[in-house]
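Hello,

Here is the structure we spoke about. Please open it alongside this note, which goes through what was found.

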Amino acid sequence: MDWKPAPPIVHTDLPGFPAPKRGKVRDVYDLGLRLLIVATDRLSAYDHVLSPGIPDKGKILHQMSNFWFERLGSIVPHHLIGGDLPAELLPYSDLLAGRSALVRKARVVPFECVARGYLAGSGHREYVESGTVCGLPLPPGLLRASPLPEPIFTPATKAEEGHDENVTFERMAAELSGEWGGDLAGRLRRLTLALYAAAAAHAASVGLILADTKFEFGLDDSGEILWIDEALTPDSSRYWDAATWVPGTEPASFDKQFVRNWLDASGWDHQSPPPPLPEDVVAGTRERYLEAFRRVVGREPAL
């Protein structure tokens, strides 16, 4: 009999603990001095949570995040707290194993920090219309998936619901300059591009192109910048196969683009409840996430 993964975990509830704050993918439990983040197997696209979930997705992406946090932690501190689960969480260790982390609390900066090294997604659509990406002018003649002359920083607003909005660096800087003080926007731009450069170099060494990625940051009680949320996963990044990449075409990817392409071809209007994912799309998505993990981390995830 063919082996099949366990059913996806799309919802967690820990009796005896406050109800979590549920994002599109993660369930976040407030434990007082720290947070417990649980990566579920939910999958979102076009601002909708899709059904069914992708088996093992939470474990794959959580462990990939941990790899990147540890590898690039010398560039900027991250929010992970090491050590074993506290005693009160041990009854849930089977559920939490491989997909949860205790993290430091932070005051979350209300912008996504996006680094782009290639022309793709919303950046490509804007470039076709205006020759710019987030207001930054680019040279004429670039194609879909073309490398940019140099990586660029393109922030976006963080939406609790609905779609994040690409904004200019100047708007981000203006909105942060008062309440947040200092040159926080400039510091985040420098950190974002430094993280992207280091991650893209590692990706290239294993035959992948890191086309773009987004980071989230927060400030701890002392004002120190912390890298938070997730790190360079296929949910927050575009990974392409370098061996088959050709500018002007849709690259072979190891991220959510496979699902987006199926949704676009299904005739869904992007407004009504999305159609359920067929079994082959679920399996194909899982395998793409696994392949990204294998290449980036160099081993199998603990599932």
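**Cavities, a pocket and some buried residues**

By class, the lining of the second largest cavity splits into 3 nonpolar, 2 polar and 4 charged residues. Please keep in mind that this is a predicted model. The residues around that cavity are Val25, Arg26, Ala39, Thr40, Lys57, Gly58, Leu61, Glu230 and Asp235. Its volume is about 30 Å³. Helix H1 gives the most to this lining, with 3 residues.

How many cavities of 30 Å³ or more are there? The count comes to 2.

**The largest cavity**

The largest cavity has a volume of about 120 Å³. It is lined by 16 residues. Nearest its centre lie Arg26, Ile37, His62, Ser65 and Asp229. Which element gives the most to this lining? H1 does, with 6 residues. Strand S3 (34-39), H1 and strand S6 each supply at least two residues. By class, the lining has 7 nonpolar, 6 polar and 3 charged residues.

Arg26 deserves a look here. It is among the residues nearest the centre of the largest cavity, and it also lines the second largest cavity.

**Glu230**

Glu230 is another residue in the lining of the second largest cavity. To find it, go to the loop between strand S14 (225-228) and strand S15 (237-241). Is Glu230 buried or exposed? It counts as buried, because its relative accessibility is 9% and the cut-off for buried is under 20%.

The side chain of Glu230 has a polar contact of 2.6 Å with the side chain of Thr233. Beyond its neighbours within four places in sequence, Glu230 is in contact with Arg26, Ser65, Phe69, Asp235 and Ser236. Arg26 and Asp235 also appear in the lining of the second largest cavity. Ser65 is one of the residues nearest the centre of the largest cavity.

**The second largest pocket**

Now to a pocket. The second largest one has a volume of about 250 Å³. Its lining is made of His62, Asn66, Glu70, Leu80, Ile81, Gly82, Gly83, Asp84, Leu85, Ser100, Ala101 and Leu102. These divide into 5 nonpolar, 5 polar and 2 charged residues. Helix H1 (57-71) and strand S6 (100-104) each supply at least two of them. His62 lines this pocket, and His62 is also among the residues nearest the centre of the largest cavity.

**Leu89**

Where is Leu89? It sits in the loop between H1 and helix H2 (93-96). Leu89 is buried, because its relative accessibility is 0%. Not counting residues up to four places away in sequence, Leu89 touches Leu14, Phe17, Leu31, Leu36, Leu96 and Leu102. Take Phe17 from that list. Leu89 and Phe17 are 72 residues apart in sequence, yet 9.5 Å apart in space, C-alpha to C-alpha. Leu102 is a link back to the second largest pocket, where it is part of the lining.

**Cysteines**

How many disulfides does the structure hold? The number is 0. Cys113 is in no disulfide, and its nearest cysteine sulfur, that of Cys134, is 12 Å away. For Cys134 the nearest cysteine sulfur is that of Cys113, and Cys134 is in no disulfide either. A disulfide would need the two sulfur atoms within 2.5 Å. Cys113 is buried, with a relative accessible area of 0%. Cys134 counts as buried too, at 8% relative accessibility.

Best wishes

Conventions:
Residues numbered from 1 in each chain as written. Predicted model: local features only at pLDDT ≥ 70, side-chain atom pairs only at ≥ 80, totals over all residues. Heavy atoms only, no water. 1 Å grid on protein atoms, 1.4 Å probe; cavity = no way out; pocket = protein on both sides within 12 Å on 5 of 7 lines; lining within 4 Å. Points joined across faces, edges and corners; volume = space filled by probe spheres on them. Helix = DSSP H or I, 4+ residues; strand = E, 2+ residues; numbered from the N terminus. Nonpolar A, V, L, I, M, F, W, Y, C, P; charged D, E, K, R; others polar. Buried < 20%, exposed > 50% of the residue type's maximum accessible area, 1.4 Å probe, protein only. Polar contact = N/O pair within 3.5 Å; in protein donor to acceptor, adjacent residues only side chain to side chain. Contact = heavy atoms within 4.5 Å.
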